[in-house]
Amino acid sequence: MDVERLLMTDTYNIPRECEKCGGVMVFQGLGEYKCEKCGELAYDDYGKVRGYIEEHRGATAAQVEEAIGVSQKTIRRLLKEGRLEVAEGSRMFLRCEVCGKDIRSGRYCPECEVKMHRSLEERQREFARKNMQGFSMGQKGDEGQKRFTRH
């Protein structure tokens, strides 16, 4: 398991064990977990926030934190990961980390995200061009000689 996934696991308070019977909690989707023994439902932080927002449209991060106990820092992280979105009509927005434009979810506005992907693709192509050169071009060795023999 990579470090980022491990940190995410601890960050969102994922239920591992049923509080009612001690059984194993199985992920059901959208932040919901179900005990494989007794069927008890539990939610990670994402599931709690999502459920609260569905019932209380337009709630602020402070209101969500007060009502269900999930920190505003965790809510901001969920917004930046694109798992939640700022409600339409809200006066609050996230800012694009490149140009500062108002956005409702994620880290970048659509225009900056496209630019970043294009830049990354170009760097990968350049890297491949530099590193693939040795496979067919400019190999040293005797012309016409066998390089490998079968035994």
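Select Y33 to begin, and you will find that this residue stands opposite A42 in strand β3. The model on screen is a predicted one, which should be kept in mind at each stop.

Widen the selection to β3, residues 41-43, together with β2: three bridges join these strands, and they run antiparallel. The two form a hairpin with five residues between them, and in that turn G39 has a positive phi of about 85°.

Next, show the side chains of β2, residues 32-35, where Y33 and C35 make up the covered face, while E32 and K34 make up the uncovered one. In a regular strand, side chains alternate between the two faces of the sheet.

From β2, move to its other partner, β1, which spans residues 25-29 and is joined to β2 by four bridges in an antiparallel arrangement. Here M25 stands opposite C35. This pair of strands also forms a hairpin, with two residues between β1 and β2, and L30 in the turn has a positive phi of about 55°.

Now turn to the interior and select V49, V64, I75, L78, L79, L84 and C109, the residues with the most contacts inside the largest nonpolar core, which has 16 residues. Helices α2 (45-55) and α4 (72-80) each supply at least two residues of this core. Apart from it lies another core, of five residues, and among them are C18, M25, Y33 and C35, so that selecting these brings you back to residues of the two hairpin strands already visited, M25 in β1 and both Y33 and C35 in β2.

For a closer look at the larger core, centre on L78: leaving aside neighbours within four places in sequence, L78 is in contact with Y12, Y46, V49, R83 and L84.

The cysteines come next. A search of the whole structure finds zero disulfides. Why is C18 not bonded to C38, whose sulfur is the closest cysteine sulfur? The two sulfurs are 3.7 Å apart, which is too far for a bond, given that a disulfide requires sulfur atoms within 2.5 Å. C18 itself is buried, with a relative accessible area of 3%. Select C96 as well: this cysteine is in no disulfide, and the nearest cysteine sulfur, in C99, is 3.7 Å away. C96 counts as buried because its relative accessibility is 4%.

Finish at A61, in helix α3, which covers residues 61-68. At 28% relative accessibility, A61 counts as partly exposed. Not counting residues up to four places away in sequence, A61 touches Q72 and I75. Its C-alpha atom is separated by 8.2 Å from that of R76, 15 residues apart along the chain.

Key
Residues numbered from 1 in each chain as written. Predicted model: local features only at pLDDT ≥ 70, side-chain atom pairs only at ≥ 80, totals over all residues. Heavy atoms only, no water. Buried < 20%, exposed > 50% of the residue type's maximum accessible area, 1.4 Å probe, protein only. Contact = heavy atoms within 4.5 Å. Core = buried A, V, L, I, M, F, W, Y, C linked by side-chain atoms within 4.5 Å. Pairing = 2+ DSSP bridges.
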